[in-house]
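Here are some notes for a colleague to read with the model open alongside. They go from the whole chain down to a few single residues.

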Amino acid sequence: MMDIAHLGPAELLTPAFDESLRFFVDVMGMEVEAQQGGSAYLRAWGDYQRHSLKLTASETSGLAVLGLRASSPEALERRVALVEATGLGAGWHDGDVGRGPSYRFRDPDGHAFDLYYETERYSPPEHLRPSLKNQPQRYTGRGCAVKRLDHCNVLAEDVRANRMFATEALGYRLYERIELDDGTEAGAWMSVTIAAHELIYTADAYGARGRLHHLAFWVDTREECLRAADIFLDNDVHIEAAPSKHAIAQGFFLYGYEPGGNRIEVTTGGYLQYDPDPVTVVWTEEERRLGQAWRVKTVETFHTYGTPPVAGT
Ligand SMILES: [Fe+2]
């Protein structure tokens with residue numbers, strides 16, 4: 001077992017709070033589990049924790065903090081010690097709704113993370129009680145009806161430095177990466193589980209720091225991904241990339257921008273990595289020129305757009 005069990009909750013900033021909240025509730029099909037201050041705590045029907053997304057009103061967009069749940073109190077201590085040794089630790093705080101003491105640190109690019117172990121398991125109110133006791137919440141089928149938070153792709157000025165921090169200090173396994181002809185690293189796909197990707201770093205086209213590329217929510221089937229595209233379309237959600245399949249990690253995707261400007265993905269598929277000692281797959285510049293799995297070219301904004309916006313772009 002890895003010291004870090006999984007990622008989440010993620011805190012997303014939005015300059016259009018009411019519209020963003022409507023998007024996550026009505027379009028994505030999530031439930032508001034709590035509201036406090038300028039934040040709403042949202043959950044997907046398959047989340048075992050109380051929430052997987054904290055939506056916070058802000059002057060701008062982007063990722064505020066990414067939570068990482070440790071596998072045990074001892075695993076938490078081990079990872080905190082390793083992060084502290086890098087000099088990137090910021091210290092302990094009390095935690096948040098549904099979550100105990102948390103250790104705040106920043107990756108070399110400046111993204112904030114909270115490492116924690118103590119969490120509250122979700123207890124549904126009567127109207128959300130499921131029929132099956134092995135499911136945390138009733139399946140409502142509203143909107144895209146996303147099941148859980150799946151992965152987070154952040155942008156970085158220096159991909160290699162950040163993925164080395166993630167593998168060495170946090171214990172992530174590096175499953176795939178892109179190496180350009182000049183030797184620079186353009187992307188790194190990492191995981192602490194057998195899921196093909198959970199934490200992804202890709203190069204920031206503007207050389208900016210601390211930005212978000214996208215946050216992805218899981219559905220069980222490709223058909224639900226296609227249905228999500230129809231739902232995005234009829235709810236005036238900007239579709240940046242219609243459903244298709246990535247070459248890297250082989251995830252099936254739909255990308256759109258929520259009203260606050262953040263790129264959100266509805267995802268399924270991807271392989272499972274059972275090899276305990278996998279050889280990292282390295283993609284070359286020439287191979288990447290072929291496009292995605294089915295040779296569809298990625299739209300240009302996918303390589304440049306991130307949140308918050310970079311001044312002057
Ligand atoms: Fe993704």
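1. Among contacts in the chain with a separation of 6 or more, 66% join residues 24 or more positions apart. Please keep in mind that this is a predicted model, so that figure belongs to the prediction.

2. On secondary structure, the chain comes to 6 helices and 17 strands. Its radius of gyration is 18 Å, close to the 20 Å that the globule rule gives for 313 residues, so the chain is as compact as a globular protein of that length. Measured off along the principal axes, the C-alpha trace spans about 60 × 45 × 45 Å.

3. Turning to surface and interior, buried residues account for 55% of the 313 residues. The chain exposes about 13,700 Å², and carbon and sulfur atoms supply 51% of that area. As for charge, there are 31 positive and 46 negative side chains, with the centres of the two sets 4 Å apart.

4. The UniProt record, an unreviewed entry, lists "domain: VOC" for residues 6–118 and 148–269. In the model, residues 6–118 are 22% helix and 43% strand, and the C-alpha atoms at the ends of that span are 13 Å apart. For residues 148–269 the content is 19% helix and 47% strand, with the end C-alpha atoms 14 Å apart.

5. Ile264 is a good place to start looking at side chains. This residue lies in strand S16, which covers residues 263–269. Is Ile264 buried or exposed? Its relative accessible area is 0%, so Ile264 is buried. Leaving out residues up to four places away in sequence, Ile264 touches Leu12, Phe23, Phe24 and Met28, and also Leu215, Phe217, Leu254, Tyr255, Gly256 and Glu258. By contrast, the C-alpha atoms of Ile264 and Ala161 are separated by 25 Å, with their positions 103 residues apart along the chain.

6. Do look at Phe232 next, in helix H4 (residues 222–234). With a relative accessibility of 0%, Phe232 counts as buried. Beyond the residues up to four places away in sequence, Phe232 touches Phe23, Val27, Met28, Cys144 and Val237, together with Ile239, Leu254, Tyr255, Gly256 and Val266. Phe23 and Met28 are thus among the residues touched by Ile264 and among those touched by Phe232. Phe232 and Gly251 are 19 residues apart in sequence, and their C-alpha atoms are 19 Å apart in space.

7. Phe23 itself belongs to helix H1, residues 17–27. Which residues of H1 are buried? They are Phe17, Ser20, Leu21, Phe23, Phe24, Val25 and Val27. Just after H1, Gly29 takes a positive phi of about 85°.

8. His214 sits in strand S13 (residues 212–218). At 2% relative accessibility, His214 counts as buried, the cut-off being under 20%. What does His214 contact, apart from its neighbours within four places in sequence? The partners are His151, Cys152, Asn153, Tyr255, Arg263 and Glu265. Tyr255 also appears in the contacts of Ile264 and of Phe232. The C-alpha atoms of His214 and Gly291 are separated by 19 Å, and the two residues are 77 apart along the chain.

9. Two backbone angles in one loop deserve a look. Ala249 lies in the loop between strand S14 (238–245) and strand S15 (251–257), and Gln250 lies in the loop between S14 and S15 as well. Ala249 has a positive phi of about 70° although it is not a glycine, and phi of Gln250, another residue other than glycine, is near 60°. Ala249 is buried, with a relative accessible area of 0%, whereas Gln250 counts as partly exposed at 39% relative accessibility.

10. Finally, please check the cis peptide bonds described here. The bond from Gly8 to Pro9 is cis, with omega near -5°, and Pro9 is in strand S1 (residues 4–14). The bond from Thr307 to Pro308 is cis too, with omega near 0°, and Pro308 lies in the segment after helix H6 (301–304).

Technical notes: Residues are numbered from 1 along each chain as its sequence is written. This is a predicted model: local features need pLDDT of at least 70, side-chain atom pairs count only at pLDDT 80 or more; totals for chains, interfaces and linings use all residues. Side-chain values use heavy atoms; hydrogens and water are left out. UniProt positions are given in the numbering used here, feature names are shortened, and annotations may be inferred rather than shown by experiment. Helices (H or I, at least four residues) and strands (E, at least two) are DSSP runs, numbered from the N terminus. The radius of gyration is taken over C-alpha atoms; the globule rule is 2.2 Å times the number of residues to the power 0.38. Buried means under 20% relative accessible area, exposed over 50%, partly exposed in between (1.4 Å probe, protein chains only). Contact means heavy atoms within 4.5 Å. Accessible areas come from the Shrake-Rupley method with a 1.4 Å probe; for residues, only the protein chains shown count as cover. Lys and Arg count as positive and Asp and Glu as negative; His and the chain ends are not counted. The place of a charge is taken as NZ of Lys, CZ of Arg, CG of Asp or CD of Glu.
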